Amino acid sequence: MKRFLLIMITLMLFASGCSGNPGEKSPGTTKVQQINQEQKKIPNIQPDKAKLAVDIAKTVKGVDDASAVVIDKDLSLAVKVTNFQRFRLKNIRREVHHKLKKEFKPYEIHVTSDGKLFDELKKLEINISKKNINDPNQVKKKVDKINKDMRG
């Protein structure tokens, strides 16, 4: 009986010693650091910068339409190219990238001419402009997937 009681007390002490209060902040973190960490979690979607990027891309000869989404320091842009200009796709993408790099120096720029990715970016752009986004983190995940698909 004593042995059983001793084992039970040991297990209870061990289990209670391992659990911490989840609401407690860890020692050494200040309130400002906690607020900064929370702000980093929410992506900053910038529709005005995306509009500027689309306008810049449309100045390139051969680009019929463009769609862009800017989140934090990532600019993702897809272009739609006319029929006979498709022979110059590589040059068009390079020229669009070059013009965007001049305007958006600190940004990481992703440019594609893939039709499917254009459609996906266009849907996201429309949802952002209509403010139909519930979770900015979901938008960021979708844009990250699109950027990954751009690389191949």
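This passage walks through the predicted model, from its overall layout to a few loops and charged pairs.

Starting with the big picture, the protein is built from six helices and three strands. Read from the N terminus, these elements come in the order α-α-α-β-β-α-β-α-α. The chain counts 152 residues, and 31% of them are buried. Contacts reaching far along the sequence feature heavily: taking pairs of residues at least 6 apart, 64% of the contacts join residues at least 24 apart. On the outside, the protein exposes about 10,900 Å², with carbon and sulfur atoms supplying 56% of that area.

The strands come next. Strand 2 and strand 3 run parallel and are joined by five bridges. One of the pairings links Ser-76 with His-110 in strand 3. Between these two strands in the chain order comes a helix, and strand 2, helix 4 (residues 89-103) and strand 3 together make a right-handed β-α-β unit. Strand 3, covering residues 108-112, is mostly tucked away, with four of its five residues buried.

Two loop residues help to show how separate parts of the chain meet. Lys-73 sits in the loop between strand 1 (63-71) and strand 2 (74-81). This lysine is partly exposed, because its relative accessibility is 46%, a value between the 20% and 50% cut-offs. Setting aside neighbours within four places in sequence, Lys-73 is in contact with Pro-106, Tyr-107 and Glu-108. The last of these contacts spans 35 residues along the chain, yet the C-alpha atoms of Lys-73 and Glu-108 are separated by 6.2 Å.

The other loop residue is Gln-46, found between helix 2 (31-41) and helix 3 (47-58). With a relative accessible area of 12%, Gln-46 falls under the 20% limit and so counts as buried. Its side chain reaches the backbone oxygen of Asp-72 at 3.3 Å. Asp-72 also turns up among the residues that Gln-46 touches beyond four places in sequence, along with Val-70 and Tyr-107. Tyr-107 is thus a contact of Gln-46 and of Lys-73.

Charged pairs make up the last part of the picture. Side chains of opposite charge can pair when their charged atoms come close. The structure holds six salt bridges. In one of them, Asp-65 pairs with Lys-58, and the closest N and O atoms lie 3.7 Å apart. Lys-58 is partly exposed, at 41% relative accessibility.

Another salt bridge lies within helix 5 (residues 115-129), where Lys-122 and Glu-125 are three residues apart and therefore separated by about one helical turn. Their closest N and O atoms are 3.8 Å apart. The two partners differ in cover: Lys-122 is partly exposed, with a relative accessible area of 26%, whereas Glu-125 is buried at 18%.

Helix 6 (residues 136-151) offers a similar case, in which Asp-144 and Lys-140 are four residues apart, so about one helical turn separates them. Here the closest N and O atoms of the salt bridge are 3.7 Å apart. Asp-144 counts as partly exposed at 35% relative accessibility, and Lys-140 counts as partly exposed at 22%. Elsewhere, salt bridges that share partners tie Lys-58, Asp-65, Lys-122 and Glu-125 into one network.

Note on methods. Residues are numbered from 1 along each chain as its sequence is written. This is a predicted model: local features need pLDDT of at least 70, side-chain atom pairs count only at pLDDT 80 or more; totals for chains, interfaces and linings use all residues. Side-chain values use heavy atoms; hydrogens and water are left out. Buried means under 20% relative accessible area, exposed over 50%, partly exposed in between (1.4 Å probe, protein chains only). Contact means heavy atoms within 4.5 Å. Accessible areas come from the Shrake-Rupley method with a 1.4 Å probe; for residues, only the protein chains shown count as cover. Two strands pair if DSSP finds at least two bridges between them. A crossover is right-handed if, with the strands pointing away from the viewer, the path from the first strand over the helix to the second runs clockwise. A polar contact is a pair of N or O atoms within 3.5 Å; within protein, one must be able to donate a hydrogen and the other to accept it, and residues adjacent in sequence count only if both atoms are side-chain atoms. A salt bridge is a side-chain nitrogen of Lys or Arg within 4 Å of a carboxyl oxygen of Asp or Glu.
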